[in-house]
Every structure is written in C-alpha cells, then in structure tokens.
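Let's look at how a protein and an RNA strand sit together. Take a moment with the picture, then work through the questions.

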Amino acid sequence: MSRGTVVARFAPSPTGHLHVGGARTALFNWALAQKLGGHFLLRIEDTDQARNSQDAVRGILEDLAWLGIHWQEGPQLGAVGGDPRGVGPFFQSERLARYDAALARLIERDLAYPAFDTTEELDALRKIASAEKRAFRYVRAASWDRAAALARMASEPHVVRLRAPDETIVVHDHVLGDVAFGPEQIDDFVLRKRDGFPTYHLAVVIDDEAMGVTHVLRGPEHLNNTPKHIALQRALGYRTPIYAHVPSIQNPDGSKMSKRDKDKAARALAQLAFAADPSLRVRAESAVAAKRLTAWLGDAKSQLETGELDALERALALDLPSVTVEDFRHAGYLPETLDNYLALLGWNPGEKLADGRDRERFSLSDLAEKFSLERIGRGSAKFDRAKLLAFSQEQLAALSDADWLARWRTWCARYAPEASAALADPQRALVFAASMKTRCATLAVASAPNGPGRFALVADDGFAYDEKAVAKWLAKGEPAGRTILENVRGTLVETTPFEPAAIEAAVAKFCEASGLGMGKVAQPLRVALTGTAASPPLGETLAVLGREAVLARIDRCLRETRPT
RNA sequence: GUCCCUAUCGUCUAGUGGCCUAGGACAUGGCCCUUUCAAGGCCAGAACACGGGUUCGACUCCCGUUGGGGACGCCA
C-alpha cells in the first residue's frame, strides 16, 4: 500500500441481519473512502464465540451488497471483496495468532498482565463500588507479584489486562471536536478473554493498524472506548487513526433503535395473541421449540435467535417493526431509496436547489462525491418512517414503466413469485407498471392483499364483491348499473386495440351515445372487474386484465350479483 | 450513581454574530384538478428548551439548569 492511502472500514459483528444504524455507518464509511479516493474495507468481528453465526455473516454481506455498498477489501461475495494488499484474513477469529503475538510483547514489557479473578469476585467488587456510589475501576494491586503471576499463566485460567496509563487522553474527534478523558476513566481493561479470544478492544486496535485503517467512523457508543484504544495504540507503538463518532439513530419515542425492538414487539404481540387465542400457542411452537418459547416469554431480557424470530413472525403473522435492511427490502423499498434516506439521517450536503429547496435527493455516486465529515450533525436523529415512505413513493413514481416493472419482478422473485407469474404477458405487465407507479409507495404494496394491484393478480373468480359498492353502483340508478354493464359489454367486445387509450375512447363514445356521465359507466365496470369502486383509470384497469378476463368478469358479476 | 455526548417546527434539517419578522422537506389541515383510487398544483398552521453572561448586536460564543442519548462487561 502506498503511504497516505485512505482506508475506511466497516466492522460488524455477525449477530443477525444488518440493522439500519449499522447500514448508515457502513454507508458513511464507504462514502468517505470513495470521496477520499481510498479503499473501503469490510472486516467481520467474530470474537464472541457464543454469538457467532455463519448465517449472520452471509446475511450482512448480502444486505451490504444489495444496498450497493461494495467493499474493495474483505470477505469474498461474488465479485465483491478480495485482498489486494494482503492484509487479510478479514475474520478476526482467524487472526488469533496476531493478537497473541502482540500480547506477548506487551506482557514482556509489563504493559499488560494476567489476572485470575473469577467472575464472582469481580461482581462482588462491582457491587461494593455501586453501593459506595462510585464507578468501578479495575486496577492491579500494589502488592502484585509479577513473577508469580507469570508462572501461574501456564496452568491457570486467566484473562490478560492492559496496564492503564496514568494520564489524560484527548480524543480528537472529527465530528465532536476534542474530548478529554481523565485517568480515572480508563481502568485495566481486559485484552484477552479466558477462552483465549481477544476482546473487541484488542482486536480492533491490532487490525486497524495491520490493515492500514486511516479513518474510523463509528457509532456514538464507541466514544467512551476510544481513549482505551488510544492507550493501547500507544502501548503497542501504533499510530492513531482519525476518529469520528456519528450520532445514534433513535426510534420515534427517543429510545435507541436496535434489533431488540423487534424482539420486544414480538414478545408483546405474541403474549397478546396467546391471551386472545390459546390455540395459537401450538402454531408458535411449530416455529420455536416449546421450552425456548416459554423461557423467552417469561424473560423480557432474553432474545430469540434471528431465525427463530423470523419463523415466529411467519407462524403468527405478526406485524413487527422494520429495523433491519432485510426488513426494508422485504417491505419493497428500493436500495437507493434506503441509501438516500439513511444518508440524510445525521448528514446533509448543505446544498440548495435552484428553487430554494434543500437538496435531499441523491444517488450513491452523488454521495461519494459530496460526502464530508464536516457536515455530519452532532445531535441524534429519529428514524421517520413516513419520510422514508415519501422518498420511496417519489422515487418509484420517477421510474420508467419498464424500470418499475423490472424492479417489481426482481422483488417478486424473492418475496412473491406467484404475483409476478400471474402477470406474464409483457404488454399487460407494462400497463400494470404504469398504473401502479403512482399508487404504490413501495413495491410490496402492488400485490398486497388490499393493494391497488391485487385485482390484476387474482383469478377472475378469485375476488369478492364489496357489498356496499354493489348496492351503490349495480343495484341502484336509472338505468341500473347492471343494465349499463350489459350494454357496455358489447362495446368492449369490439374495442381494438385493447389498450388504455382506445378503451378510454370507446367507453367515452359509449357514454355519449347513451347520454350517460362517465362515472355512471366507469363505476359499475370497476365493481365488476375489481370487486370495489376504486381502481386505476378505466382504460388501464381494463387493459391490464385483457379482453378475455374483462368479459369473463362482467359475466361473472352479472351472474353473481343478480337481485333476488 | 459516576463519566461522556447532545439540544432549531410533531419529525429530518438549513443556519458558523447583523442577510432571520428563522428557510426547505416529510407529516398535518384546507383549496384546486378529477369517472373512482392515486398522483399533481396552490395555500395555511407549526420551532431557536430555560436562566445567566460576552457583545453595539445573539439561533449562532461562554457558563449553569433542565430534557434526551450513550458508556460504566472476560458483548461488540
């Protein structure tokens, strides 16, 4: 690597799908690297053996790739990733020897040392500290015997701790400015766990150095860790990268937005469901083992595994809040829409459009061009679903019909293959796209049970007639809607081509000839074709269905809604 | 409890001492358009947390209060 090359990184721990806060951090790091002409590196922090999961790794990689956040260095996923500078591997669990080597150097110089306290002993100390209303701080006893401790290392379980420096450490944060931490705020923290794995602090410092990371952009929960990392860097003789801590993303109620929210909501909804209908419990147990389920319901602090939660969500048809990238993908957002919205949470380009509005819409490449640390805000931001939805609505509507259709089919392939299959005819599908574009805030809406496109995706006898609509538009009036339907049917038999404009014109002509207002004809048709009085413009509604289905549905309607 | 960060409309934000009787967007309400549902257009209401300083002059700088968030793990 040439000197001065910028390397920014995203370093998630594999504990489930990427959540939106992590996605934003990744996005910012990616944008910073692109802006500075550097590399964006992805590293997997899998040093917690208890929570490690291969599925989660794959999920995170796919989430990032879907968002268009491609890493030049990191685990391989298709064409993304690789190790051009030879700084890998990118899984910390495969780098243990490096951590141990660094630790050996530290111990040799008495900058780090083994400690043999049990969890119980430490808990007791913490309890005392808390009773005395002071912060707990681990420091090595003055009477500590180095030779004895080193001798015990070989045979006894132990952790390795850093000897914290007795000095104030100033973090030069590029978002927050200088933040000073006194010596009382850094204790002899653990570097290597009892199981031989490094702690986050050790692994992150060593890897950032080894991988030449120059910029560290991360969540605010790490600000307090930064002086520890700087202390470690000094002990090891490393440089200190540029730090910037971005504000958190919160729920509308002000709490921190996290994966836990989904778990909490699921527990509340499941309890409600079981109370209302105890038999649902059996369904739930098909998704989550009975024992696990009971334990989870009884302990508000426990969490289900990602797979279990997904299974439970499906089994009980729970409506859980979207917090992960996968949730939003499932909900039918475009990746560029999520990117755009996320980028605006805590950052903005500070540009005005010609008409005086703030510039709020930009692509990934715009972001790469405009991103800067200076324009990251300092206050936390609440995640506003309504605004995201508005972005989605607008960006979907701006697509060409063909693009919309392609995006929709792609979405369907993953989440609703039957919907796409129901509209195989390319011409009719294009009409569908044209009329759904302005009616669906996300791609998932089009095929949703009560969605505006549902009528075009079900069989001719696959929908019910809304009673009120039938009463208002078919039974009443002079002439009655039924009669009008019978009459307009003839016009439709002959209309060619069976396309929106021609249909629209033919129906208009029919109205004129019959001396009827457009509404008098259009509404009965809508009820007959869709079961309800609301649908896209008449020409589009009929063209999407095709002549055959239109005639079949009119006949079915006449038959089934006959007055008794 | 201790430490750290933070504070402009309901929400995201513009604002870097005079351009601010504070601008934009989303949401909300109203009107227009209209064969339904949308989309679109126009209009309206809506904020500098509070108290002290500094200054000729504070949304902007300083201090404090209050509110919010985070950390205090052999999690990351």
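A polar contact is a pair of N or O atoms within 3.5 Å; within protein, one must be able to donate a hydrogen and the other to accept it, and residues adjacent in sequence count only if both atoms are side-chain atoms. This is a predicted model, where local features need pLDDT of at least 70, side-chain atom pairs count only at pLDDT 80 or more, and totals for chains, interfaces and linings use all residues. Side-chain values use heavy atoms, without hydrogens and water, residues are numbered from 1 along each chain as its sequence is written, and chains are lettered from A and ligands numbered from 1 in the order in which they are written.

Q: How far does a polar side-chain atom of R357 lie from a phosphate oxygen of RNA strand B?
A: Polar contacts go up to the cut-off of 3.5 Å. For R357, the side chain reaches a phosphate oxygen of RNA strand B at 3.1 Å.

Q: Which residue has a polar backbone atom 2.9 Å from a sugar or linking oxygen of RNA strand B?
A: Backbone atoms join in too: Y200 uses one, 3.1 Å from a phosphate oxygen of RNA strand B. With a sugar or linking oxygen, at 2.9 Å, the backbone partner is A533.

Q: Which helix gives the most to the surface near RNA strand B?
A: "Near" means that a heavy atom of the residue lies within 4 Å of the strand. Helices are DSSP runs (H or I, at least four residues), numbered from the N terminus. With 5 residues, the top contributor is α24.

Terms used: Helices (H or I, at least four residues) and strands (E, at least two) are DSSP runs, numbered from the N terminus.
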